[in-house]
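Open your viewer, load the model and keep the selection tool at hand. Here is a short walk through it, one selection at a time.

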Amino acid sequence: MLPSQPLLHAAVFALAVLQAFASDTFIAAVYEHAVILPDATNKPVSPDDALALMNKNMDVLEGAIREAAQQGAHIIVTPEDGIYGWLFTRETIYPYLEDIPDPAVNWIPCTDPTRFAPAPVQERLSCMARNNSIYVVANIGDKKPCNSSDPGCPRDGRYQYNTDVVFDPEGKLVARYHKYNLFMSETQFNYPKEPEAVTFETPFGKFGIFTCFDILFREPAVVLVSELQVDTVLFPTAWMNVLPFLTAVEFHSAWAMGMGVNLLSANTHNINLAMTGSGIYAPDGARTYYYNMETQDGHLLIAELDSHPRLSPPSPPAVKWSSYALSVKRFSPNDHDFEGLIFHDQFTFTELTNPEGNLTVCQKDLCCHLSYKMAGKQEDEVYVLGAFDGLHVVEGQYYLQICTLLKCKSTDPNTCGQPVETAQTKFEMFSLSGTFGTNYVFPEVLYSGVQLASGEFEVLNDGRLISTTRPTKPVVTVTLFGRWYERD
């Protein structure tokens, strides 16, 4: 007699759990989704029309989830805004929202869809996870009623949250996270009264989750990693690339390296808004990544990761980021320093006038030291060493300390700091360090064509970012991106 479908599913799930327990690694997937956007409107659409649009996006996501599962993935992350898009008001987003319960209720929407208020999106996501025996991570909208007894209650009587949900391979809701650090255009959403630190256990490590702009702030990002000791961070994002430091693949890979955890970053794909760049990152570099500003297609990434990266391989001692930089004298007189802007921040620059040498540039308490040798400097390319020590105040407020070697857009010094994607000059070696006041420093090396330099650089325990081999491609930027959270 053949086993019943529930018994068969339970057996398959139990086998998957045992296999995961037997391994120190797991297979991760992220999907960069070209979101099908709603028509522009100033009036709310009907719930049926909202669901129809969301189902079109979920049709695409379901195909990616199925393919990932067939390739052995244990978990898949999909992007922020991946189910309904963006550019909403509070009123026009409302038909797309569902009431998402606390995961403590122990709910499988796929098998019990009527237990709470109508939740067709949660039901379908739950079934995607259950039918493919895979953890599914998605970004949707949560609504919670409130009343006048709550002094923070909006005038329309409800809170609306940008929300990540996680369903396990049985389809159970195991995590719900409300985005705390909203980007300036997210006026349709509220942020929770207190930042949430959401974690959950899996057979392949302890996971945490947050969304997009959250990665630049102490809460929840640093709390999850430094205090709650997660192994892997799930990161739905809708990231608009900003060269030279905040392009998705370079910053997210640097963050994983600087924090010593795995990061599963799923970006939306919209080249008109410079949205691309997804990856599966480990503390020792990118396992796989995708950056494409040429086509409109989505893309699935799959890679194997260590379940407990703090333990395997053995974690190196903590980096003392200012140790080397404080121990050396300034490499050069700063007679030719000049000012320039990078993403609205005023840097102090000094030019690399020779094909090799040692340079220092300082701003406030930060001095950046560079040793370098070029393999053959192109006459029409200018490189500078730059330092920034201050509060960034444009789309958010956060204190930065940045040391950077970067290519200028042209030979005009006024273009230094403007976005550049390509270069021709290769380096024989480089070593960059700084007198940082923070322990949270993220190392970036970006090659021509927005390519990561995985495996070609390392950070020494004394805080030097050095090339480990002769760089194989022309350099666009070499950066130590520091975040001094206490000064925000």
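The stops below go from the domains to the spaces between them, and then to a few strands and one loop residue.

**Stop 1: the two domains**

Keep in mind as you look around that this is a predicted model. Start by colouring residues 25–306 as domain 1 and residues 322–487 as domain 2, following the domain assignment of the chain. Taken over C-alpha atoms, the centres of these two domains are 33 Å apart. Where they touch, domain 1 puts 27 residues into the contact and domain 2 puts in 30.

**Stop 2: an open pocket**

Now select Phe183, Ser185, Ala238, Met240 and Met275. Among the 30 residues that line the second largest pocket, these five lie nearest its centre. The space in this pocket comes to about 560 Å³. Try colouring the lining by class: 20 of its residues are nonpolar, five are polar and five are charged. Your domain colours are useful here too, as domain 1 and domain 2 each supply at least three residues to the lining.

**Stop 3: the enclosed cavities**

How many cavities of 30 Å³ or more does a search of the whole structure find? There are three. Let's visit two of them.

The largest cavity holds about 120 Å³ of space. To find it, select Ser253, Met257, Gly285, Ser454 and Phe457, the closest to its centre of the 15 residues in the lining. Next, show α6 (248–259), β11 (285–290) and β20 (441–447), the elements that each give two or more residues to this lining. Helix α6 has the largest share, with four residues. By class, the lining of the largest cavity has eight nonpolar, four polar and three charged residues. Where does this cavity lie with respect to the domains? Domain 1 and domain 2 both give residues to its lining, so the largest cavity lies between them.

Move on to the second largest cavity, with about 90 Å³ of space. Select Phe245, Leu246, Phe343, Asp345 and Phe481, which are the closest to its centre among 14 lining residues. Strands β14 (345–351) and β18 (398–407) are the elements that give two or more residues here, and β18 gives the most, with three. The class count for this lining is twelve nonpolar residues, one polar and one charged. Since both domain 1 and domain 2 contribute to the lining, the second largest cavity also lies between them.

**Stop 4: a seven-strand sheet**

You have just met β14 and β18 at the cavity; now show the sheet they belong to. It is an open sheet of seven strands with antiparallel pairing, and you can trace it in the order β13-β14-β17-β18-β24-β20-β21. Look at the two edges, β13 (338–342) and β21 (451–452): each has a single partner strand, so one side of each is left without a neighbour in the sheet. Then zoom in on β14 and β17 (383–392), which pair in the antiparallel sense over four bridges. For one of these pairings, select threonine 348 together with its bridge partner in β17, alanine 387.

**Stop 5: strand β4 and its neighbours**

Select residues 158–167, which make up β4. Is this strand mostly covered or mostly open? It is mostly covered, with ten of its ten residues buried. In a regular strand, side chains alternate between the two faces of the sheet. Colour Arg158, Gln160, Asn162, Asp164 and Val166 for one side and Tyr159, Tyr161, Thr163, Val165 and Phe167 for the other; both sets are buried.

Add β3 (135–145), which pairs with β4 in the antiparallel sense over ten bridges. Lysine 144 has tyrosine 159 of β4 as its bridge partner. Then add β5 (173–178), which runs antiparallel to β4 and is joined to it by five bridges. Phenylalanine 167 stands opposite leucine 173 in β5. Follow the chain from β4 into β5 and you trace a hairpin with five residues between the strands; in the turn, glycine 171 has a positive phi of about 95 degrees.

**Stop 6: a loop residue**

Finish at alanine 73, in the loop between α2 (47–70) and β2 (75–77). Is alanine 73 buried or exposed? Its relative accessible area is 6%, so alanine 73 counts as buried, the cut-off being under 20%. Show Ile27, Ala29, Ala68 and Ile134 to see what alanine 73 touches, leaving aside residues up to four places away in sequence. As a last step, draw a distance from alanine 73 to leucine 405: their C-alpha atoms are separated by 38 Å, with their positions 332 residues apart along the chain.

Notes. Residues numbered from 1 in each chain as written. Predicted model: local features only at pLDDT ≥ 70, side-chain atom pairs only at ≥ 80, totals over all residues. Heavy atoms only, no water. Buried < 20%, exposed > 50% of the residue type's maximum accessible area, 1.4 Å probe, protein only. Pairing = 2+ DSSP bridges. 1 Å grid on protein atoms, 1.4 Å probe; cavity = no way out; pocket = protein on both sides within 12 Å on 5 of 7 lines; lining within 4 Å. Points joined across faces, edges and corners; volume = space filled by probe spheres on them. Nonpolar A, V, L, I, M, F, W, Y, C, P; charged D, E, K, R; others polar. Domains from an automatic or database assignment. Contact = heavy atoms within 4.5 Å.
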